[in-house]
Amino acid sequence: ELNGQPVRVKRFDDAEGRYVIRVAGSGETRHVRPENVRPRLADGSPALLDGLQEAGELNGTEVKVDGFDDADRRYIVSLPPRAAASEAPAPVRPRRLWLAAR
């Protein structure tokens, strides 16, 4: 019921092992498991593509996050110049991007 909804993480409850979140709009407070919370990557963040099927050759490629399409719930990304010969992937689902360590 909350999938894809924007929330604000208030704190982590060590005793429960869950995040305490506030749902945007309603202000409702919920306790959710860590695996059910995924932060939105900031514009300009480096990220790695992973798990693409139609463009599998791009898996492992570092991209730059250019934005997030709220209506489509997908990231808009750009490829680095060295991979520019490949066509840029279509908007990418959040589960297909990982924050790149620098």
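What pattern does the protein follow, read along the sequence? It follows β-β-β-β-β-β-β, and in keeping with that the protein has seven strands and zero helices. I should say at the outset that what we are looking at is a predicted model, and everything I describe this morning is computed from that model.

Let me begin with the overall dimensions. The C-alpha trace spans about 50 × 25 × 25 Å along its principal axes, and the accessible surface comes to about 7100 Å², with 46% of that surface belonging to carbon and sulfur atoms. Of the 102 residues in the protein, buried residues make up 25%. If we take the contacts with a separation of 6 or more, 31% of them are accounted for by residues that lie 24 or more positions apart.

Now to the sheet. Four strands form an open sheet in the order 6-5-4-7, and the pairing is antiparallel. Strand 6, residues 74–78, and strand 7, residues 97–99, stand at the edges, and because each has a single partner strand, one side of each is left without a neighbour in the sheet. From one strand to the next, the twist averages 55°. As a reminder, strands of a sheet pair through backbone hydrogen bonds, either parallel or antiparallel. Within this sheet, strand 4, residues 46–49, pairs with strand 5, residues 62–69, in the antiparallel sense over three bridges, and if you would like a specific pair to find on the screen, L48 has E62 as its bridge partner in strand 5.

Which residues touch the most other members of the largest nonpolar core? They are L49, V63 and L97, in a core of 13 residues, to which strand 4, strand 5 and strand 6 each supply at least two residues. L97 deserves a moment of its own: leaving aside its neighbours within four places in sequence, L97 is in contact with a list of residues that includes L48, L49, V63, V65, Y75 and V77, and also R38, L41, A47 and V92.

Finally, let us turn to the segment before strand 1, where N3 lies, strand 1 itself being residues 7–13. Is N3 buried or exposed? Its relative accessibility is 66%, and since the cut-off for exposed is over 50%, N3 counts as exposed. N3 and V37 are 34 residues apart in sequence, and their C-alpha atoms are 9.3 Å apart in space.

Definitions and conventions
Residues numbered from 1 in each chain as written. Predicted model: local features only at pLDDT ≥ 70, side-chain atom pairs only at ≥ 80, totals over all residues. Heavy atoms only, no water. Pairing = 2+ DSSP bridges. Axes fitted to C-alpha atoms, helices over the stretch in contact; angles between N-to-C directions. Core = buried A, V, L, I, M, F, W, Y, C linked by side-chain atoms within 4.5 Å. Buried < 20%, exposed > 50% of the residue type's maximum accessible area, 1.4 Å probe, protein only. Contact = heavy atoms within 4.5 Å. Areas by Shrake-Rupley, 256 points an atom, 1.4 Å probe, with all protein chains shown as cover.
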